[in-house]
Amino acid sequence: MTGTLTIAGIGPGDEAMVTPEVSAALAAATDIVGYAPYVARVRRRTGLALHPSDNRTELKRAGEALRLASEGRHVVVVSSGDPGVFAMAAAVCEQIESGPAAWRGLDLEIVPGVTAMLAVAARVGAPLGHDFCALSLSDNLKPWPVIERRLDAAAQAGFVIALYNPISRARPWQLPAALERLRRHLPATTPTVFGRAVGRADENIAVTTLQAADPAGADMATLVIVGSAETRLVPRPGHAPLVYTPRSASA
Ligand code: SAH
């Protein structure tokens, strides 16, 4: 029996943001592998084996998925958002690169999903309307000085910056330090968006400025977008302001 391995992005939370391609992959699966809260979002059915695991065990989880697929199972690894953005697709690639040669022969498919920064951006307007970049603030997998260097470079280069993994109980000071860093380069009035749990029942979207941005408003489920010097705020009567970055930039 030939197994398959699919790595699917189930979007930020809302069922409506799961693409039909991902739904089809889930419907064809014999096994679901992933971080427990994401596995819990997959509809149970008879014949579908669930393999929930802890956070922070990405490589082990990737290895488990590859083993199951090589035993002939149809395995879907689920990631929140998009699987290629700070998520399982790279962990599976790492395991394929370093693991048994047979894993390279496996039938592998990566199915994209709506990543958090796109869902948050859509809620407030078009902050990613011009050049932007995404950074993870987690220093679990890279040293903090690298993050500082990238923040400086991104702000100086005029990119809008999406910050994934801004803060956690184990990483309380990184977001305050990053905002402080960005304030060196960007105007105090730079529009800044905190998008929390977008697409879930406890969603909260807050628009503020870089100067007033309060790290206490962020948690592990928050995506922060810091505008560039070009990003604008358009007040609207009876509606939340629009945050957008014009399509053209000045010299
Ligand atoms: N693969 C995921 C990102 C995983 S990293 C994706 O493409 O979205 C985890 C980080 O993603 C969180 O710390 C947070 O910054 C962001 N995130 C994930 N889901 C989110 C949601 N529903 N709302 C806001 N941010 C979210």
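Before we look at the main pocket, a word on residue classes: Ala, Val, Leu, Ile, Met, Phe, Trp, Tyr, Cys and Pro count as nonpolar, Asp, Glu, Lys and Arg as charged, and the others, Gly among them, as polar. The model is predicted, so local features need pLDDT of at least 70 and side-chain atom pairs count only at pLDDT 80 or more, while totals for chains, interfaces and linings use all residues. Residues are numbered from 1 along each chain as its sequence is written, and side-chain values use heavy atoms, with hydrogens and water left out.

Let us start with the empty space. Rolling a probe the size of a water molecule over the atoms shows where such space is left. Here a pocket is an open set of points, on a 1 Å grid over the protein atoms alone, where a 1.4 Å probe fits and protein lies on both sides within 12 Å along at least five of seven lines; its lining residues have an atom within 4 Å of a point. Grid points are joined across faces, edges and corners, and a volume is the space filled by probe spheres set on the points.

The largest pocket holds about 1,600 Å³. Its lining has 48 residues, with Tyr38, Asn55, Glu58, Phe86 and Asn165 nearest the centre. Elements giving two or more residues to this lining include helix H3 (58-70), helix H4 (88-98), helix H5 (116-124) and strand S11 (222-226); H4 gives the most, with four residues. Helices (H or I, at least four residues) and strands (E, at least two) are DSSP runs, numbered from the N terminus. By class, the lining of the largest pocket divides into 23 nonpolar, 14 polar and eleven charged residues.

The second largest pocket has a volume of about 300 Å³. Among its 14 lining residues, Glu15, Leu26, Arg41, Val42 and Arg43 lie nearest the centre, and the lining splits into six nonpolar, two polar and six charged.

Now for the ligand. It has 20 residues around it (a heavy atom within 4 Å), and of these Asp82, Val85, Thr115, Met220 and Thr222 come nearest. A backbone N or O atom of Pro12 lies 3.0 Å from a ligand nitrogen, and a polar side-chain atom of Arg200 lies 3.4 Å from a nitrogen atom of the ligand. Asn165 places a polar backbone atom 3.1 Å from a ligand oxygen. The C-alpha atom of Asn165 is also 8.4 Å from that of Asp219, although the two are 54 residues apart along the chain. Asp219 sits in the loop between S10 and S11.

What encloses strand S9 (residues 191-196)? Five of its six residues are buried (under 20% relative accessible area, 1.4 Å probe, protein chains only), so S9 is largely enclosed by the rest of the structure. Strands pair if DSSP finds at least two bridges between them. S9 pairs with strand S10 (residues 204-209) in the antiparallel sense over six bridges, and Phe194 has Ala206 as its bridge partner in S10. Five bridges join S9 to S11, again antiparallel, with Arg196 opposite Thr222 in S11.

Finally, meet His51 in strand S3 (residues 49-53). His51 is buried, as its relative accessible area is 18%. Its side chain makes a polar contact (N or O atoms within 3.5 Å, one able to donate a hydrogen and the other to accept it) with the side chain of Asp31, at 2.7 Å.

Methods. Buried means under 20% relative accessible area, exposed over 50%, partly exposed in between (1.4 Å probe, protein chains only).
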